[in-house]
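Below is a short briefing on one protein model and the ligand bound to it. Please look through the sequence and the structure before reading the points.

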Amino acid sequence: MVFRTCYQIEIPKHRLSSRDRAFYAFFAFFALFASFLFLSRLSVTPFTSLPPSTRNRYCIFMVRIILKPKEDIRIRRGHPWIYDNEIAGVEGEPEPGAEVEVCDARGLHVGYAFFNPKSKIRARMYSRTAKKADEEFFIRAFEAAWKWRKFCFGEPAIEKRMSLRLVYGEADSVPGLIVDGFVGVPKLEDSNAGDKLSIAQRAALASPKGLWLSVQFLSLGVEVHKAEILKALRSVFNPDGIAERSDAPVRALEGLPDSVGVLWGSVPERIVIEENGALFEIDLLSGQKTGWFLDQRANRAAAAKYVSRAPWADSPNKAIGARVLDVFCNQGGFSVLAARAGAASVLAVDSSRDALALLRENAALNNVSDRITAVEANAFDYLRDLEKMGQRFDLIILDPPAFAKNRTALEGARRGYKELNLRAMHLLERGGILVTFSCSHWFSPEMFDAVLADAAFDSNRRLRILEERTQDLDHPILSGYDESRYLKCRIVQVV
Ligand code: SAH
């Protein structure tokens, strides 16, 4: 049997009316124009090879930088820095520090960034969507940063009782801006060095009245937006005064001179803050960095915990309390807490005379001067001397400055960390606790762990890892932005 299907297609015989023809013609023209627009945006690779007239065709609103092929991937994954050698071309003439749109090699939108023609980091991303970095933008960014801190720290932060890093640069979407908020009371003018806090001051600390900001402008983008940033800081945080501490070496890489002073309101010469239940006197205008290292807050408490726990088995000192060595002690954040936790003695070492002067004040404020000895010395030399003298400790804290400031310094940094940790292991009683840090993001956690293992092997010891820690939560760590994960802390028992 044969199956056959037969279709009869009827072709309309009628002709199009002139109105329909006009409509179809218009539609066809519109479709052609739309696809032309679309295709020309896709065909900008490599962008610089196009004539300027074509390049500027869609650049009506904003200066754009066009990335080389594939360079957008890291940026889309969350890294905020665009290096000079990753840019295929710049459309228009961006003002130094101004906002630019960032596009991938096909011309598609990636986000918005601050432009700096003088820096190797040519552009720093601040948003995917917000075109203008005006006062409104900064207000929104600061409110989001504040919301995160409230989420992390809960009520104390809300009640303004806790000193916090309020804005942590790129990790809070404001590239290059650091804002530390210190809550406390001004030190009384008439109190002499070493004086304890007056009863009135102690009472005031129970419900502190003052909030002072210590701010670093570390990129050209935030430098040129200083006025808007100051207004936004005042509107969101309502501080009593704002100090500027833009005296970090990275300013030079951005083509900026140092700048230190009071930016707004009044800033007392010394402020007394409370941290982990202890009192600390800090100097916002001439202390190191912003005046106090807030990132170590939780690590200081973690270290102090081992003073009272005394897990070492064979220490001859067990009955009378731990002998603590705090190397790179700065103003005594670790030392004071260790002494308050019951250490028999704390030997605090730093090369900065000014930091040690503040440490002595802080020891006095907390009534532990009799158990803290401050020594001004180069840590490397001093550790060697202690070893020669046959000194022994139950708990050692090593918190050196960043040894590796870039990739090329990694080998030198490795040697530095190795030497410090090796000496510390020699100085510890068997079973003693080592609290050791690296704050250089270039020096990866793997490298740091390898150094510790090497030092243990060379000193014929083994390490039992008690805690692997990092910076406190007001210094957020973001995926895709490895530089935000900079602080490595290992608390180990050396057996
Ligand atoms: N542990 C401190 C922060 C340390 S910051 C805290 O909890 O706040 C690093 C410190 O190392 C600084 O105080 C600096 O003065 C000191 N320092 C830098 N190089 C040094 C060296 N070679 N010897 C001793 N101290 C040094």
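**Helix 1 and a surface patch**

Helix 1, which covers residues 18–42, contains Phe27. The model is a predicted one. The points below are grouped by topic.

- Phe27 also belongs to a nonpolar patch on the surface. Its partners there are Phe23 and Tyr24, and the patch measures about 360 Å².

**Ligand surroundings**

- The ligand is surrounded by 15 residues. The closest of these are Arg300, Asn330, Asp350, Ala379 and Asp399.
- Asn330 places a polar side-chain atom 2.8 Å from an oxygen atom of the ligand.
- Gln288 has a side-chain N or O atom that is 2.9 Å from an oxygen atom of the ligand.
- Ala379 uses its backbone instead: an N or O atom there lies 2.9 Å from a nitrogen atom of the ligand.
- On its own, the ligand has 580 Å² of accessible area, and the protein covers 88% of that area.

**Helix 12**

- Helix 12 consists of 13 residues, 353–365. The expected span is 18 Å because each residue is counted at 1.5 Å, and the end C-alpha atoms are 19 Å apart, which agrees.
- Buried residues in helix 12 include the leucines Leu356, Leu358, Leu359 and Leu365.
- Ala355, Ala363 and Ala364 are buried in helix 12 as well, and so are Glu361 and Asn362.
- Asn367 follows helix 12 and has a positive phi, near 60 degrees.

Methods
Residues are numbered from 1 along each chain as its sequence is written. This is a predicted model: local features need pLDDT of at least 70, side-chain atom pairs count only at pLDDT 80 or more; totals for chains, interfaces and linings use all residues. Side-chain values use heavy atoms; hydrogens and water are left out. Helices (H or I, at least four residues) and strands (E, at least two) are DSSP runs, numbered from the N terminus. The expected span of a helix is 1.5 Å times one less than its number of residues. Buried means under 20% relative accessible area, exposed over 50%, partly exposed in between (1.4 Å probe, protein chains only). Patches are made of residues with over 30% relative accessible area and no salt bridge: like charges are joined within 9 Å, nonpolar side chains (Val, Leu, Ile, Met, Phe, Trp, Tyr) within 5 Å. Accessible areas come from the Shrake-Rupley method with a 1.4 Å probe; for residues, only the protein chains shown count as cover. A salt bridge is a side-chain nitrogen of Lys or Arg within 4 Å of a carboxyl oxygen of Asp or Glu. A residue is near a molecule or strand if one of its heavy atoms lies within 4 Å of it. A polar contact is a pair of N or O atoms within 3.5 Å; within protein, one must be able to donate a hydrogen and the other to accept it, and residues adjacent in sequence count only if both atoms are side-chain atoms.
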